[in-house]
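Trainee: Could we go through this model together? I would like to begin with the charged side chains.

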Amino acid sequence: SITLSCQNAVIFFDRQAEYTAGSLLIKEADVRGIYLEDNVVVTNGRYTVRSPRAYYDPALQKAIVLEAVFFTWDVKRQVPLYVRAERLRQESQRSWSAQRGLFTTSEFAEPHFSIAAEQLTVEMRDRPDGETFPHVTAQKISPKIGEATIVSLGRFEADITSIPLRRAEGRHDGNLGPIVKTRWAAYGLLGQEAPPGVDLKANIDYVGDHGPAIGLDLDYEKPDLYGSMESYLVGIDDGKDEIGGRKIDHSDETRGFARWQHRQDLGSDLKLSLELGYVSDNTFLEEFERSEAEESKPYETSMYLKYQREDELLDLLGQYDLMNFTPQTTTLQSPGYTVEKMPELGYYRIGTNLLDNRLTYYTENRMTRMRIRVGHDSPIDRGFSMAESLATFVLPNTAKFDDVATATGIPQSYIGRLDSRHELQAPLNLGDIDIVPYVVGRATLYDQDFENYVGEGDDSRLWGMVGARLHTSISKIYTNVENQVLDLHRLRHIIEPSMDLFFAHSTLDSDELPVFDPDVEAISEGSGLRLGVRNTLQTQRGGPGRWLVVNTDVILRSDDSDSDRDDDPNPNVFGNAATEPARYFSYRPEFSRGRDHMYADLAWMLSDTFAIVADATHSLENSQLAQLHAGVVITHTPLLNSFIEYEGVDVLDSRLLSLGFTYQLTTKYRVGLTQKWDIDRDESRRTDLILERKLPRWTLLVMASIDDIDENASLGFVLIPDGIKTSRRLGPLGR
């Protein structure tokens, strides 16, 4: 049904109305039309139209509304849609059209952002879940900021959540100059409706001295498959990459990257994963997509087929590297190269019960044809100075990585490998103590030796380990604990002592093999002991994550342990001047690094507004604190939040202090500040300031930053419509 209301109305009939007992009896079939005037409201519960004048034809369910404002709401994404037009026509109960209309998500008569259209249709459609959403079709559209037209475009068709502009960003960079970035719904720009489960975004940018750039980002999800694709292209780059304060010139180069990841369920317990990764040059990611260079998994082109049923798994992997350099900085630092596998066939059993659950069996078996790929570039091509190259790679910054690898005997041709690992566990209970004795055997065979690498002629390795894990738990409840300051109501203390004891032996030391896979070639030998205690204090406030948890471990390794690969636990093929803090992996002691050390971590939700986290590693070999990380988050008031964080890594001579806050100034304004400080050098590393302004259905971020590492300052803004998700980091205000 449709409800019509107004101050005055004229009703037209097909025939004379009848009076009955002093009242007017109106039959629906007799009404030809209704004219409404003054404060006219037309609604069916899903949409509302307001106007000073309107005419409605009930028989045809059509209407014409003058000086109209059409309003509807997307319940799922909490986004409204307003259409303003001098003349609005109702074509059916679920469809409206307008000439020279304006549609926006703002309720203001003069919206901050809107889209004008010569012809405009809004149709109410139903989603599969039963919800109704407005679908917009428009001809000759013109996005506008205020009264200013941004650009004139063609046809647009999409639902309300696909309004073309997803994000707009502009800033002035001290090194690159003016930068403008926009993100659009690609199907909307093309005037087409996006297929169900598909989201295609187009990036149209101008990146200062680098010039114009475009990109496509695709996300898709169907019942049996899903995936994503990212790409970015700088057509003619005549700018300079700013890497660590140094400039790397580019002269009219075409640059970019593309990454595609796809996973599909083929049925019958079979899954297929496909991946493609390509980068045009070795500094592109650091300049344009820093998070991809520092945080993303290594780029590869691969096909992975997996069959898994219950505790049994069979897989096939083909992996290839399209680049002649190492794109990710993390991979470049360690191990310094990538590995191709053409192909690798694997068979695994995970936790198979034997002898009526008295034994548990694990096995890993891999047959691989593989080779090491070392980059053809040099440290100077990546922006390293001579001192930085010597400190990181122990070689001059002009030396080619592949030349150095060849000189040191790193094999770079295809090698065949057969690796088989078998483990038996025998879980036992002795009263309140859980004991898991285990024995492991491993054989690794190669189709050639590595005489050029270490001067040894062995082409096989036998490795074995025996050990046991012990664990118990004791607890006590304190019913009389009450403390309003610490927000405590009763207290339960759980103490969990544990111990690992193991001994491993190998016919080859790990440093006598080039590392194709860290979990195969880099495993350690020797004996070790871990003594640990986990303390948990629980109170009747909140649940897990709101308690005090403290883990403390002491790890002792024998002198014959090669767990640090000659004092270099995370080696680079070119030599690495620094070591990393020791670490222990209880589920696989052979993966552990470093020798005698202590480790502790703490997580404490002191109250609903105060949280502390910390972890530390102390080396017992040289009596030094190898690494310390601690952070505090405080909610002072509903309007003010702050944090402070300390990061210290002794082997890198790095001690950083970060602090910041966010403050809600008013209902419309919020400000955030973060500052990172280098304590050893007594100088700033980076400063970020963000001012957030809530606009009607939009969020405006004004950002200023000073990067003392790249010696760069920038000032800019980001504009994001409501209902649009963004995964780009936005500094102290989060994502």
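Trainee: How many salt bridges are there?

Mentor: The count comes to 47 salt bridges, where a salt bridge is a side-chain nitrogen of Lys or Arg within 4 Å of a carboxyl oxygen of Asp or Glu. Please note that this is a predicted model, in which local features need pLDDT of at least 70 and side-chain atom pairs count only at pLDDT 80 or more, while totals for chains, interfaces and linings use all residues. Residues are numbered from 1 along each chain as its sequence is written, and side-chain values use heavy atoms, with hydrogens and water left out.

Trainee: Which side chain does Asp 269 meet in a salt bridge?

Mentor: Its partner is Arg 309, at 2.7 Å from N to O. The two belong to distant parts of the chain, 40 residues apart: Asp 269 is in the loop between strand S21 (253–267) and strand S22 (270–279), and Arg 309 is in strand S23. Strands here are DSSP runs of E with at least two residues, helices are runs of H or I with at least four, and both are numbered from the N terminus.

Trainee: Are those two residues buried or exposed?

Mentor: Neither word fits: Asp 269 is partly exposed because its relative accessible area is 32%, and Arg 309 is partly exposed with 44%. Buried means under 20% relative accessible area, exposed means over 50%, and partly exposed is in between, with a 1.4 Å probe and protein chains only.

Trainee: What about Asp 707, with which residue does it form a salt bridge?

Mentor: Asp 707 pairs with Arg 686, and the closest N and O atoms are 3.1 Å apart. Asp 707 lies in strand S42 (residues 698–707) and Arg 686 in strand S41 (residues 683–695), so the pair ties together parts 21 residues apart in sequence. Asp 707 counts as buried because its relative accessibility is 15%, whereas Arg 686 is partly exposed at 33%. There is also one network, joined by salt bridges that share partners, made of Glu 364, Arg 366, Arg 421, Glu 423, Asp 519, Arg 588 and Glu 590.

Trainee: Which side chain of opposite charge is nearest to Asp 205?

Mentor: That is Lys 181, 5.1 Å away; Asp 205 is buried yet has no salt bridge. For this purpose Lys and Arg count as positive and Asp and Glu as negative, while His and the chain ends are not counted. Asp 205 is placed in strand S16 (residues 198–207).

Trainee: With which side chain does the side chain of Asp 205 make a polar contact?

Mentor: With that of Tyr 232, at 2.6 Å. A polar contact is a pair of N or O atoms within 3.5 Å; within protein, one must be able to donate a hydrogen and the other to accept it, and residues adjacent in sequence count only if both atoms are side-chain atoms.

Trainee: Let us change topic. Which residues touch the most other members of the largest nonpolar core?

Mentor: They are Val 49, Phe 70, Leu 88 and Phe 103, out of 37 residues in that core. A nonpolar core is a set of buried Ala, Val, Leu, Ile, Met, Phe, Trp, Tyr and Cys residues joined through side-chain atoms within 4.5 Å. Strand S10 (113–126) is among the strands that each supply at least two residues, and S10 gives the largest share, six residues. A second, separate core of 22 residues includes Ile 415, Phe 450, Val 515 and Phe 516.

Trainee: And how many residues of strand S26 are buried?

Mentor: Eleven of its 15 residues are buried, so to speak "mostly covered", and S26 spans residues 359–373.Trainee: Which strands pair with S26?

Mentor: Strand S25 (residues 338–354) is joined to S26 by 13 bridges and runs antiparallel to it. S26 also pairs with strand S27 (residues 415–425) in the antiparallel sense, over eleven bridges. Two strands pair if DSSP finds at least two bridges between them. Thr 352 stands opposite Tyr 361 in S26, and Met 367 stands opposite Leu 418 in S27. In the hairpin of S25 and S26, with four residues between the strands, Leu 355 takes a positive phi near 50°.

Trainee: Finally, how many helices and strands does the chain have?

Mentor: The chain has eight helices and 43 strands. Buried residues make up 44% of its 735 residues.
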